[in-house]
Each structure stands twice: as structure tokens, then as C-alpha cells.
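Hi,

Here is the structure I promised to pass on. Have a look at it, and my notes follow below.

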Amino acid sequence: MRTEEARPIRLEDYRPPDWLVETVELDVALDPTATRVRAALTLKPGSNGAAPAPLVLDGEGLILKSLMLDGAAVPAEQYVATSDRLTIAQPPPRAFRLEIETEIDPSANTQLLGLYRSGRIYCTQCEAEGFRRITYFPDRPDVMAVYTTRIEADKTDAPVLLANGNLVEAGDVPGSGRHFAVWHDPFPKPSYLFALVGGNLACVEDRFRTMSGRDVTLRIYVEPGKEPRCVHAMDSLKRAMRWDETAFGREYDLDIFMIVAVSDFNMGAMENKGLNVFNDKYVLASPETATDNDYERIEAIIAHEYFHNWTGNRITCRDWFQLCLKEGLTVFRDQEFSADERSRAVERISDVRGLRAHQFVEDAGPLAHPVRPALYHEINNFYTATVYEKGAEVVRMLKTLLGPDNFRKGMDLYFARHDGEAATVEQFVQCFADVSGTELAQFMRWYSQAGTPEVIAAGRYDARTRTYRLEVVQSLPPTPGQPSKEPMVIPLAVGLVGRDGRDLPLTLADGRPLARGVLTVKQPSETFEFADIGEAPVPSLNRGFSAPIKLVANLTADDLRFLAARDCDPFNRWQAVQTLATRLLVDNVAALRAGGAAHRDAGLLDALAAILDDGALDPAFVALALTLPGEADIAREIGRDVDPDAVFAARAALRAVVGEHLAGALFDHYRRLSEARPYRPDAAGVARRALRNACLDLLVATRRPDAISLAARQYQVADNMTDRAAALATLSLYDVPERAAALDDFYARYRGDPLIVDKWFTLQAAIPEPATLDRVKALTAHSAFSFANPNRVRSLISAFAMANQKEFNRADGAGYDFVTETVLALDPKNPQLAARLLSALKSWRVLEPTRRALAQAALRRVAAAPALSPDVRDIVARTLGED
Ligand SMILES: [Zn+2]
């Protein structure tokens, strides 16, 4: 374990490395419990100054076996080796070669960081600081070296041996039953991108010809027998490679690109140079085993990791504070890819729903932090929605502010200027300033100021002067460590919609047309005036969600219904329905808590009926419009003194009202969309199934017997996982006999497939009934469950804590007790997983007083536990606000 005290690392303390590494030759002799690692590093002094600095290499849990400098053993008095550091106080003041031999135990590595065993497969995970668990090294991203890796292993235990780069040599070790492979990666890279895999793996192979005509071998390695489930992943990879050439001019650089799927993985996937390692959940798919949603996630994550080859690998981060430089930018790129491959409007709505459900919630609570944090205790805890999803929004705002041409020029300059370097956010943004001549100093506040900006917009039409005035006031609430804020630059895409549904031309008071329909708000309070407006329009604001803000506008229910039916911006059509529903739900929660009856608003019902009736709309869009705001969305809107039972009850009641009111149309659509067609995961098929299942879900919410039997029948006759899982998800919300039968049947059908059994765990964890906590506890003893596998823990316990607001937030506090006890049990084995699970309590302060006290007491018990990992200690201290 690490011995250093809990002292924060600060961005302002950054210093270039004292020593650089030019080449790394690794020789790894794999053994389940005693893997020997020989590392030969060529080191040279950094450009830090004249005096030669001590050489301090990072380690974690290492045992040094031998140490040689320029071929000679280093005398014991000249170095100090502990499990977490190797120090040579007076190294030669010149380049030299250091050979380090260590021994590690992959089977004992339950943290899944460094080199570990997943089943019978050896694999590595080095981001952020895992390489130091393999050998002593300056384990920081601004030390970029050229790696050559020799792997040796027992031939039957590990017939496949992989590492980064191109294969240069392979063969048998005579007389030993062992064999070896040598891989060379010519591109300098930071240690966190190192990867190695060994095991008995099957492979699917394909080829890709790059835009300059080079042939690249593509391989996906999986457990033998799972090859047929790689078709979609391979297809996604080829489309992603082509798209990056077309959209960004980026071509792949090595002779081979490999993906390995493993079943024990802390994250989704990892972009190691030329050798991506994936959680198998994001590789394996077939119509019978994966839902449309799984297909979309696989496509997006395969693309995301591939896109890192340029944004992350060729140009990496100078330090971990710059994590958003690779993650925010790469999320933006994968979202754009998905938008081009599927429906742009549907992709945007889905992305914004995710942003609000996770990032806005993070921003509003004790874990709020800037897109680029200024300090951290444990970097593993900053792989957050803020760094990823809000980081992507910041890149999107650059594109909105500068326009697509300048954006592409800026990206081209970034690739040209910083290829092969470890860069900063300032260097990235400077490229856009240089190509566009735009001053972006104020824009940088998006990286440094935490919190979701709140914008109040009020428009007024003056018929006499034919002008429309829009007043915009912005504010940014305080967040931990940031009591007061400066105004942001907010790109606000706007339209003024005339009575016929068409946009009125936008001419500013000085006679210029508004470029690209985007207002740039910079002041705390500003007024924009549009001239020559011939009729009273309805304003459509923040179109396409042009800025990640919370917008309050003076729109009436009639205005919102009009926008829902007529706005040419599909995002705002959807948003208008969401706003109507959210207003109604917030009122209904208040009415329920006051003992009154809920309102039944015809405005929302009419808007939904009109959208369902509009045959020109993409069915996937209609499905999203029919999905009411989630419980977390409603709670966020209420903001304080939240009673999760009342939120659940109000939402469930409104879903039943919508289902009843629209039953005729919902049944019609369900039947119309039920015609038998072979399953295809393409956009049209996905859209059809999404709408059909949304209709079913609202019908079942009424608990009509005909709807419940329709769901039970769909469960039985479905020929694909999407329809079967959707029917089961709908049924599982209600205590009806059909539910128990379907849940039993589902397990019996898929018991041999852990990824599908995960779905079974998740559905049961989400049941909104008091018995669910006992059910979840009982399932932890199920033979298919294991605390050692992150996918199992996430599918059962994280699903309960994150997706079941009602039962996790039980009024007796038993949900908090269960989750925090699980965190403490997990922490010694897998601290990253434990810390993530604990973050489920991040919104405890907004709860009503009884639950708030119980949540705080549970958090305090975690804080008081002995020997917490740095990961959990950091999360609990920040969540309590007592760090
Ligand atoms: Zn990433």
C-alpha cells in the first residue's frame, strides 16, 4: 500500500521531469504468481537546470531483485528501494542505462491495476498510475519513451502473447515448454498507454486500407467460442477508422490494430497504443444476447478508444490535470461519430439526457469540480462526468462559437503543432485562437470554474417598433472551493419562431444578420435586440443545447406546446415537452407532500398526443419525447428537501395518466410497429423497436390487464434481446404474477452467459418496492454473483444505488447502510470500484432532513473506518465536505 500522507497534488506545482526516458526494453516472464520483469531504461537528464537531480522512480508493491547501471551492479549504499520508490541519490550527470529486475504476483492483484489475471488471461491496466505496479518508472504522462516488449510464457497457458506496436519476432524457448514474442512500438508514448496480454484467446481478423493506401491488420481477441459475437465490434471499428479520416483527416499509423476483450475490468475500455483492452461487455454482441442500447454503446466505445490514437496517444496530456484534453475531446469526437452514423437529433437528446442525469447532478453536489481540476488527492476519482461529458460540451462550444471551418482548422493546427508531445489545455485552445483570431481568455473559465451556469432569459416583442428584445442574465452558483465566480462566455443558439412555424430572419439592431443564429453572451446581464420582426414570435433558446446551462425562460404552457409541435430545432421540440412535464411533476410532488391531489395537465397530454400523431417524425425521437423526466431529473429541479418517495409517486402517477389518455394511439402504434422483420441493429430498426417499447411501457404503467398480457407475450415471443429485455424491464416494475414467471424464465434461459445474467441482476435491483433491498442482499449470495468481478458488482449493487432512487433512499436508511457496508468490504480488494460505488451518495445534502441525517451518519461510519484506501478516503471526505 502507499505510505505517503494524504497531501493534495496541485496543478500550480507542476515541474517538468528531472529525468527523461528515451527507450524502454521490457522482458516479462509471465507466471501466475511470480512474474519476473526486467526493465532496461535509457535515461537522460531533463531540461530542468544544470545541477544533476536525484533519480526518483515510482513503484507500488514492488520487490527489487537486482539493479544495474551501465552494465554494472549498483552498490547497495548508492540506492534506496522501497515497495513504492526507487531512489538513486547521485546518478551520473549524463545519459545512462538502468536495468531493473522486479517480481510481481498477477494472481494476487485484485485492484485490477497493473498486471493481473482475468480468469486465465494475463492483462494490464496502466492508466492512470498502474505501470508503477509493474516496474519502477517515472510514471507520469510527460515522460514519453519508445517501448520494446519481450513476453515469455508457458505455451499451453498463454499461446497468444500481445503488446503495443508491431510484432518483430516470435518463437520457442528451446527445451522449456515456453515461447516468446517481441513487440516494438515506434511511437513514443507515456507509460499509462503500455499494455501486455497473454492467454488462450481466439481471434477474428479483418483488414482496413487507409486513405493513403496502407493495409492495416485488424484483430479482435476474445474467449474461444465467442468469435461470432465480434461482428458488430469489427464493423464499428472499420467505420470509425474511415470516419476519422473523413471528419478529421486522421489516419491510423501502425501495421496492426488489436482489441482484446476481458471479463474483469474496472472501466469500459482502455486505449493502449495499438492494443486496446476492453471490458467484454463492450465488445460482444449478437441479436439474441445484446440490446440495441448495447449495440450503440459498443459502437461508441470502440470508436472512442480508436479515436484516442490521435487525441490521447499521439498527443497526450502533460499531467493528469489535463485529463479532459484527451477525454473531453475524444467524447466529443465519438458523439459526433454516432451523430453521423445514426440520427443527429436523437444522439444529441440522448447525450444531453446523460449529461443532465450525471454531470449536472455532480455539479450541484459536494463532488463538483472544474473540467480541469486545480488539485486532487487521488486521480482515479477524476474519471468523472465533468471531465468526460462536460469536457465534450466545452469542445462543442468552441465549434459553435468559431464555426465548423475554423474549428477544423484549429484541430488541424493542434495535430500538426503538438504531434508527439504531452500538451496542455492552454496549448489546445491557443490553436483555435490562432486560426480564428478570436480572443479566448474568458472562454478558459469553462475549464477552471465548476458548476452549471444558470441563465434567465426574458423576451419581449414591441409591435410598434417591430423589435424583439431578449434580456439574458447569467450566474454561476458557488461550488466547493469556489465561493464566487466570474461570468462565462455562453454561445446561445436562438431562433424566433413565427406563427406559421417558420423561423423569422434574425437581424441585429445594427443591421447585421446574426451569424449562424448564435448569440455570444459574455456579461452578467445583457440585452440583445432584433430588428424588423413583423409579428410576435415564440423564442426558441439554446437550440441543440448549444451551451451546458440551466435555462429558465419566460415561456407559457402555450408557447411550449407550440414549440413542441412546430420548432424546426428537434432538440427544442423535445425540450419543450420535457419542460412541460418537469413543471407539472414538480407541482405534483409538492401537491402530494401537502396531502393534495396531483394536477392533470392537458398541455402536456396534448403535446404528447400531437407528437405521437406526427407521422413525419423519426420514431426514435418520438420514443424519447414519450419518456418522462427521470426521478433524478425531477429531484435536481426541486433542488432541496427532496422526498424520493413523493418524486417516485408523482412520476408513476403521471406515467399512468399518460398511458390511459393515449391508450388508443399507443396500442395502434404498438401493433403497427409489430410486423415481423428480421432483426437489424441499424438506425431504422433501432428506432422502430424504441418507439414500440416506449408505447408498451406507458401502456403497462396503467396496469391494464390487456397491457400486462401484451408485455408478457412480447417477452415470450421476442426473437431478439432488445424486445425481450424491454418487456421484462416493463413487467419488472409491477408486482404481477407475470413478473416472477418471466424473471425465472430469463435466468433459466441465459444462466450460462454472465453478461446477460448481469441484466437479470440489474432489473431486480431496480424494482421500486420495499422488498428489493432484501432481494439484492440475497442475490449477492447467488452462484452467478461475485464481488471480485466489477461487472457483477455494478450490475447489482451500483444499479440499486444509482438507478433505484426510491429504495436506495429508503426512509429507514437501510439502503445507505447496505451500500456503505459494501463499500467498506470492497475497499481492501478493489478501491476504485469501492470509491465509484460510494459516489452514489453524492446528492445526500438535497434530501429531506430524516434521510439526510441517515445518509450523513452512514458516510461518517465510512470516514471513521480504519485503513481506508486513498480512493475511498478522498470521496468520503469530499462528500461530507469535511476534507
Ligand atoms: Zn477515453
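**Zinc site**

Along the chain, the donors of the zinc ion are spaced as H-x3-H-x18-E (donors being N, O and S atoms within 2.8 Å of the metal, or 3.2 Å for Na, K and Ca; water is not among the atoms, so sites may look incomplete). His308 sits in the loop between helix 2 (292-307) and strand 22 (316-317) and Glu327 in helix 3 (residues 323-341), so this pair ties together parts 19 residues apart in sequence. Helices (H or I, at least four residues) and strands (E, at least two) are DSSP runs, numbered from the N terminus.

The zinc ion is coordinated at 2.0 to 2.7 Å by His304 (NE2), His308 (NE2) and Glu327, the latter listed with OE twice. His308 and Glu327 are both buried (under 20% relative accessible area; exposed is over 50%, partly exposed in between, with a 1.4 Å probe and protein chains only).

Before you go further: this is a predicted model, where local features need pLDDT of at least 70, side-chain atom pairs count only at pLDDT 80 or more, and totals for chains, interfaces and linings use all residues. Residues are numbered from 1 along each chain as its sequence is written, and side-chain values use heavy atoms, with hydrogens and water left out.

**Leu401**

Leu401 is part of helix 5 (residues 385-402) and is buried, at 19% relative accessible area. Leaving aside residues up to four places away in sequence, Leu401 touches Phe443, Val489, Pro491, Arg516 and Thr520 (contact means heavy atoms within 4.5 Å). Its C-alpha atom is 49 Å from that of Ala865, 464 residues apart along the chain.

Cheers
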